[in-house]
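Hi everyone. Please take a look at the structure on the screen. I'll walk you through a few places in it.

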Amino acid sequence: MKSKVVFSSKHYLFIIVVIGFIISTFKLNKQSIWLDEQLTVQEVHGIAYLQFGTQFTNTQIQEFNNLSEVINSVKRVLGNTLLYDVLLHFWVNLLGNDDYFLRLFSVVFYLGLIILGYLFSNYLFNDKRLA
């Protein structure tokens with residue numbers, strides 16, 4: 001007697017999330033930080049008042065690396081990415097300033113959107129096969 005392997009929609013969701021993770025992290029840090037990413041790093045550390053290309057020291061980073069400086073820095077530059085920059089501030093303080101980890105933060109949101117898309121389509125169509 002042969003046993004039949006049955007995949008549920010949650011199994012497919014897991015496979016899609018794993019494939020999404022592999023695709024989005026493949027060569028994630030192949031290129032160096034771009035200009036907009038440099039600005040984001042400066043905002044996250046609360047030192048966005050410095051001009052591009054300016055060398056800043058670890059002392060400056062530690063001096064301005066608090067939440068109120070991050071909020072002030074975001075307000076000075078654009079002011080429209082406050083939640084992202086505040087969350088990234090805690091992410092960078094936890095994992096460090098490496099290019100890979102800075103970009104991995106966006107990958108986490110990307111994978112979360114895949115899961116939210118599944119949940120929304122499951123709710124909208126009320127059918128797990130369509131989700």
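**The core first**

This is a predicted model. Its largest nonpolar core has 14 residues. Leu-88, Trp-91, Val-92, Leu-102, Leu-104 and Val-107 have the most contacts inside this core. Which helices supply it with at least two residues each? They are α1, α2, α5 and α6. The largest share comes from α6, with 6 residues. As background, nonpolar side chains in soluble globular proteins tend to be buried together.

Now take Val-107 from that list. What does Val-107 touch, leaving out residues up to four places away in sequence? The answer is Phe-21, Ser-24, Thr-25 and Leu-28.

**On to Ser-106**

Find helix α6, residues 99-125. Ser-106 sits in this helix. Is Ser-106 buried, exposed or partly exposed? Its relative accessible area is 35%. Buried would be under 20%, and exposed over 50%. So Ser-106 counts as partly exposed.

The side chain of Ser-106 makes a polar contact with the side chain of Tyr-84, at 3.2 Å. Look at Leu-88 too, one of the core residues I listed. Leu-88 and Ser-106 are 18 residues apart along the chain. Their C-alpha atoms are separated by 9.3 Å.

**Last stop: Lys-27**

Where is Lys-27? Look in the loop between α1 (9-25) and α2 (35-44). Lys-27 has a relative accessibility of 51%. The cut-off for exposed is over 50%, so Lys-27 counts as exposed.

Now check the backbone. Most residues other than glycine have a negative phi. Lys-27 is not a glycine, yet its phi is positive, about 55 degrees.

Technical notes
Residues are numbered from 1 along each chain as its sequence is written. This is a predicted model: local features need pLDDT of at least 70, side-chain atom pairs count only at pLDDT 80 or more; totals for chains, interfaces and linings use all residues. Side-chain values use heavy atoms; hydrogens and water are left out. Helices (H or I, at least four residues) and strands (E, at least two) are DSSP runs, numbered from the N terminus. Buried means under 20% relative accessible area, exposed over 50%, partly exposed in between (1.4 Å probe, protein chains only). A polar contact is a pair of N or O atoms within 3.5 Å; within protein, one must be able to donate a hydrogen and the other to accept it, and residues adjacent in sequence count only if both atoms are side-chain atoms. A nonpolar core is a set of buried Ala, Val, Leu, Ile, Met, Phe, Trp, Tyr and Cys residues joined through side-chain atoms within 4.5 Å. Contact means heavy atoms within 4.5 Å.
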